[in-house]
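Subject: Structure for your review

Dear colleague,

I am passing on the structure we spoke about, and my notes on it follow directly below. Please read them with the coordinates open beside you.

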Amino acid sequence: MNLKDLEEEMRSYESYSETKIPQGFYRIVRLDGRSFHKVLDGYKKPFDMSFSTSIEKTITNLMRDSGFRISYAYTQSDEISFLLSKKDISFENRLEKILSVLSGLTSSYLAMELKKPLAFDARMIVLPDQEKLLYYFIWRYSDSLRNALTSVTYWTLRKEGDSEREAMRKMYQKGTSELNELLRSLNGNITDYDPRFRYGIGFYWDTIVKDGYNPKKDEKVKCERRVVKVETELPKNYPRYLLWLKNILKKENEDIFYIPSFPYEAALRGIIFR
Ligand SMILES: Nc1nc2c(ncn2[C@@H]2O[C@H](COP(=O)(O)OP(=O)(O)OP(=O)(O)O)[C@@H](O)[C@H]2O)c(=O)[nH]1
Ligand SMILES: [Mg+2]
């Protein structure tokens, strides 16, 4: 027995280190803030613009500097979805590496912004085709609408003097249309809030042309630069969001060439799109 044997044996206990994501799939990493109800204690409820700006900076930094090729990112509440480009071959698709590095980087960027320790959990979503990829993003978008409606209704009840328990009781088991009704009866209006808090925020790549200078030839030149664009006013209904997303992903060569029909359409109807 020598040290090489020890190394080999010990490595054999790294049970998941060789777990790889199968090739040819769309990969999305979704991060969710751990116990953010505590981390964001003292921030404005239900929505805080400075927190939103911090998340915005965090995601922009991640897209620029993480070393991963991220085609699109979407955030709502305390969660972030990163779509990895099909051209991204970081860590040879090793699951543990991708999840831990992305969540570590995101946590440290945001911790620097908020000036306190925090963490994001991470999961990998592996999608078989472009149809399911688009469904995924509508799902998170509709979750954002529902979350926003729930938070606004809850905090409107609280402002009206209800205790935590009373507010929860009035909202118990209510669907989206009933919550909308309840909110209207309280003269609350979801459109009073910035669209980013209702629809979430999208991040994508764009190319801009800038004036530059070539010192060797002593002449003005045009330079192309890739920049991260932040969309804080996403389309206000899901068919238009789909179309918008399709165009963004097409520019990133993600092969999105058709808009699927959406079998969950009826289920989404309860959410009032404005
Ligand atoms: N004050 C404030 N809180 C926010 C804002 N956005 C998100 N949050 C908080 O983040 C929480 C996100 O929900 P969850 O992810 O289900 O709850 P969590 O506390 O992070 O718990 P786990 O994710 O299960 O660890 C919300 O319940 C809010 O408490 C904001 O703009 N302002
Ligand atoms: Mg959370």
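**The long helix and what follows it**

Glycine 161, which comes just after α5, takes a positive phi of about 105°. Please keep in mind throughout that this is a predicted model, and that the values below are computed from it.

The helix α5 itself agrees with the span expected of it, because 30 residues at 1.5 Å a residue should cover 44 Å, and the C-alpha atoms at its two ends are 44 Å apart. Its buried residues are Leu133, Leu134, Phe137, Tyr141, Ser144, Leu145, Ala148, Leu149, Val152, Thr153, Tyr154 and Leu157. As background to reading that list, an α-helix has 3.6 residues a turn, so residues three or four places apart point the same way.

**The chain as a whole**

The chain has 274 residues, of which 25% count as buried, and its secondary structure comes to ten helices and six strands. The C-alpha trace spans about 70 × 65 × 40 Å along its principal axes. If one takes the contacts between residues at least 6 apart in sequence, 68% of them join residues that are at least 24 apart.

**The core and the strands**

The largest nonpolar core has 45 residues, and those that touch the most other members are Val29, Tyr72, Ala73 and Phe82. Helix α5, residues 130-159, supplies the largest share of this core, with eight residues.

Phenylalanine 82, leaving aside residues up to four places away in sequence, touches Ile28, Val29, Ile70, Ala73 and Leu102. Strand β3, which covers residues 79-84, has six of its six residues buried. Its two faces are both covered, with Glu79, Ser81 and Leu83 buried on one side and Ile80, Phe82 and Leu84 buried on the other.

Which strands pair with β3, and in what sense? On the one hand, β1 runs antiparallel to β3 and is joined to it by six bridges, with isoleucine 28 standing opposite leucine 83 of β3. On the other hand, β2, residues 70-76, also pairs with β3 in the antiparallel sense over six bridges, and here glutamine 76 has glutamate 79 of β3 as its bridge partner.

**Backbone points to check**

Most residues other than glycine have a negative phi, and most peptide bonds are trans. Against that background, three places in the model seem worth a look.

Serine 77 belongs to the hairpin of β2 and β3, which has two residues between the strands, and its phi is near 50°, a positive value in a residue other than glycine. Serine 77 counts as partly exposed because it has 19 C-beta neighbours inside 10 Å, whereas a buried residue would need 20 or more.

Phenylalanine 91, in the loop between β3 and α4, likewise has a positive phi, of about 50°, although it is not a glycine. Phenylalanine 91 is partly exposed, since 17 other C-beta atoms lie within 10 Å.

The third place is the peptide bond from lysine 45 to proline 46, which is cis, with omega near 0°; proline 46 lies in the loop between α2 and α3, the latter being residues 49-65.

**Around the ligand**

The shell around ligand 1 has 15 residues, and those that come nearest are Phe36, His37, Leu40, Tyr43 and Asp48. Two elements, β1 (26-33) and α2 (36-39), give two or more residues to this shell. By character, the residues of the shell divide into five nonpolar, four polar and six charged.

**A leucine on α4**

Is leucine 105 buried, exposed or partly exposed? Leucine 105, which has its place in helix α4, residues 95-114, is partly exposed, because 18 other C-beta atoms lie within 10 Å of its own and the buried class begins at 20. Not counting residues up to four places away in sequence, leucine 105 touches Leu62 and Ser66. Leucine 62 is 43 residues away from leucine 105 along the chain, and their C-alpha atoms are separated by 7.5 Å.

With best regards

Notes. Residues are numbered from 1 along each chain as its sequence is written. Chains are lettered from A and ligands numbered from 1 in the order in which they are written. This is a predicted model: local features need pLDDT of at least 70, side-chain atom pairs count only at pLDDT 80 or more; totals for chains, interfaces and linings use all residues. A nonpolar core is a set of buried Ala, Val, Leu, Ile, Met, Phe, Trp, Tyr and Cys residues joined through C-beta atoms within 7 Å. A residue is buried if 20 or more other C-beta atoms lie within 10 Å of its own, exposed if 12 or fewer, and partly exposed in between; C-beta atoms are placed from the backbone. Helices (H or I, at least four residues) and strands (E, at least two) are DSSP runs, numbered from the N terminus. Two residues are in contact if their C-beta atoms, placed from the backbone, lie within 7 Å. A residue is near a molecule or strand if its C-beta atom, placed from the backbone, lies within 6 Å of it. Ala, Val, Leu, Ile, Met, Phe, Trp, Tyr, Cys and Pro count as nonpolar, Asp, Glu, Lys and Arg as charged, and the others, Gly among them, as polar. The expected span of a helix is 1.5 Å times one less than its number of residues. Two strands pair if DSSP finds at least two bridges between them.
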